[in-house]
Amino acid sequence: MNRTWTAWLVLALSAMLILAGCGSGSAGATKTAATDEKPAATETQAAADSKDAAKTEEKTEATAGASEAGSYTPLDQLQERYDIVIIGGGGAGMTAALEAKAAGMNPVIFEKMEAPGGNTLKSSSGMNASETKFQAAQGIKDSNDLFYEETLKGGHDTNDKAMLRYFVDHSADAIDWLDSQGITLDNLTITGGMKEKRTHRPTDGSAVGQYLVKGLVDDVHKQDIPLFVNADVKEITQKNGQANGVKVVFEGKDEKTISAGAVIVATGGFGANQELIKKYRPDLEGYVTTNQPGSTGDGINMIEAMGGTTVDMDQIQVHPTVNQEHSYLIGEAVRGEGAILVDKNGNRFFNEMDTRDKVTAAITKLDNREAYLIFDSGVKSRAKAIEQYEKKGLVQNGDTVEALARTLNMPADTLQATLDKWNAAVAAKKDGEFGRDTGMDHDLSAGPYYAIKIGPGIHYTMGGVKINTDTEVLNKEGRAIPGLYAAGEVTGGLHGQNRIGGNSVAEIVIFGREAGVKASEFVKAAK
Ligand code: ADP
């Protein structure tokens with residue numbers, strides 16, 4: 001078995017282990033659970049249980065990682081110098097590495113966890129892009145301008161406009177590039193705050209993260225790009241203010257200094273770093289997090305030490321639909337494909353397809369901050385991720401609406417009346433109650449019926465280091481720090497105060513590519 005397949009099998013195995021048994025599909029290093037918005041003085045039982053689940057998950061990941069350590073680059077192949085060091089083996093890091101290699105560079109990826117993938121592995125909804133060949137083939141009329149406007153509106157006009165313009169204008173190209181790498185996202189859906197189907201998913205409609213990471217890891221292996229795991233970068237080194245390498249600790253003990261012509265920081269966000277969350281958003285202390293344990297904001301600290309600056313650090317996205325027991329995200333595609341949200345009495349209470357911040361605010365007002373996603377077998381067949389939720393034991397069902405209501409301990413006549421009203425709204429293409437106007441292609445009339453109990457959870461850190469559209473890291477005066485690039489969730493600005501679902505996967509591919517290209521140009525110019 002070649003190492004590419006070994007790597008993928010292990011990734012799949014690790015994902016299955018996470019999904020199947022131990023409980024925490026996410027959680028992470030932070031203290032989890034607790035449903036009180038105010039800082040909890042003492043840890044609740046739920047928090048303690050979740051913490052155990054998080055530990056179990058880390059252990060599961062570690063075990064899975066250990067079994068495949070040989071499929072990543074062995075330590076004895078480490079060189080003292082590379083053209084480009086990439087810190088972080090998530091979507092942005094691997095994308096940057098592929099572009100750097102294509103530009104004739106000799107890049108390396110250092111990943112601190114036991115396997116690559118980061119939070120990218122967990123992303124579910126898809127990748128937003130406008131004016132793509134797949135949209136055209138399906139007769140979807142979209143424009144970069146519309147994508148720009150809707151994202152800006154979703155971000156309450158606080159997005160970095162230059163970054164956003166670059167982002168929308170390069171989105172279709174990023175879809176084509178992925179396709180050329182064997183990663184085809186041709187199944188379209190829609191996420192909250194968007195008016196067009198521009199969320200690109202794998203052909204079978206499954207969650208984007210696992211498919212994307214598998215594809216990128218395969219390509220990184222095919223291109224013979226060294227990828228070291230258990231490689232924890234502690235510091236970016238510099239000479240006369242120019243980034244020229246990193247200090248990295250291998251296997252928790254072996255520190256080495258590696259020199260490079262340029263450094264790309266792709267370390268992801270800080271959603272699993274309780275201390276940083278508390279520092280910037282004390283009101284979110286104790287919330288569950290959907291992030292993987294490695295999302296601790298290391299890159300932000302390292303870049304600040306190099307003189308870089310940050311933006312929007314207090315802008316932390318709380319996702320409205322997270323299973324609280326396992327800190328497991330229920331992707332927006334479930335609503336995009338037609339699910340509704342009801343309170344514990346079976347009543348709808350908000351436009352399910354509004355932006356994440358607004359849906360979260362509506363759920364936060366409910367008793368115990370909990371609600372139920374309700375859907376039928378049609379939604380289940382269109383949003384493949386539901387199969388994973390089912391395997392994890394998150395989905396309840398009933399052959400009829402009444403049977404489902406009984407399972408949920410909900411008044412059956414109210415739930416039935418809610419569904420009747422909703423199906424009439426779908427037929428009339430008008431939601432008189434809450435003004436929803438997307439995700440209404442199909443009604444909810446095909447039994448069996450299903451429910452997933454959800455509440456809000458820390459999901460994404462919109463703030464981060466400041467970069468420009470060349471992905472150069474900027475200092476406090478707005479000048480680029482030579483040789484230092486960053487891309488992905490570690491950066492801030494693009495999303496402003498609210499990220500639209502499907503925009504983070506687009507961000508890591510679009511700016512990951514740009515980082516690979518620009519860092520390569522920098523290294524070539526210096527040679
Ligand atoms: P993005 O979506 O921006 O690519 P991800 O969360 O998918 O972000 O990936 C970031 C990766 O960076 C994760 O796999 C994480 O474990 C890794 N990482 C974070 N800090 C470090 C560090 N100090 N050294 C090496 N890798 C790191």
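Buried here means under 20% relative accessible area, while exposed means over 50%. Keep that in mind as you click around this predicted model.

**Stop one: helix α10.** Select residues 298-305, which make up α10. Now pick out Gly299, Ile300, Met302 and Ile303: these are buried. Turn the view so that you look down the helix axis. The buried residues of α10 fall within an arc of 165 degrees, so they line one face of the helix. Then step past the end of the helix to Gly307, which follows α10 and has a positive phi, near 100 degrees.

**Stop two: Lys279.** Go back along the chain to helix α9, residues 274-280, where you'll find Lys279. Is Lys279 buried or exposed? Its relative accessible area is 58%, and since the cut-off for exposed is over 50%, Lys279 counts as exposed. Add Asp314 to your selection and draw a C-alpha to C-alpha distance: the two residues sit 8.7 Å apart in space, though 35 residues separate them in sequence.

**Stop three: the sheet.** Strands of a sheet pair through backbone hydrogen bonds, either parallel or antiparallel. Which sense do you get here, and in what order do the strands run? This one is an open sheet of 3 strands, ordered β3-β5-β4, with antiparallel pairing. Colour β3 (127-128) and β4 (187-189): they stand at the edges with a single partner strand each, so one side of each is left without a neighbour in the sheet.

Finally, zoom in on β3 and β5 (residues 199-201), which pair in the antiparallel sense over 2 bridges. Select Met127 and look across to β5, where its bridge partner is His200.

Terms used. Residues numbered from 1 in each chain as written. Predicted model: local features only at pLDDT ≥ 70, side-chain atom pairs only at ≥ 80, totals over all residues. Heavy atoms only, no water. Pairing = 2+ DSSP bridges. Helix = DSSP H or I, 4+ residues; strand = E, 2+ residues; numbered from the N terminus. Buried < 20%, exposed > 50% of the residue type's maximum accessible area, 1.4 Å probe, protein only. Arc of directions from axis to C-beta.
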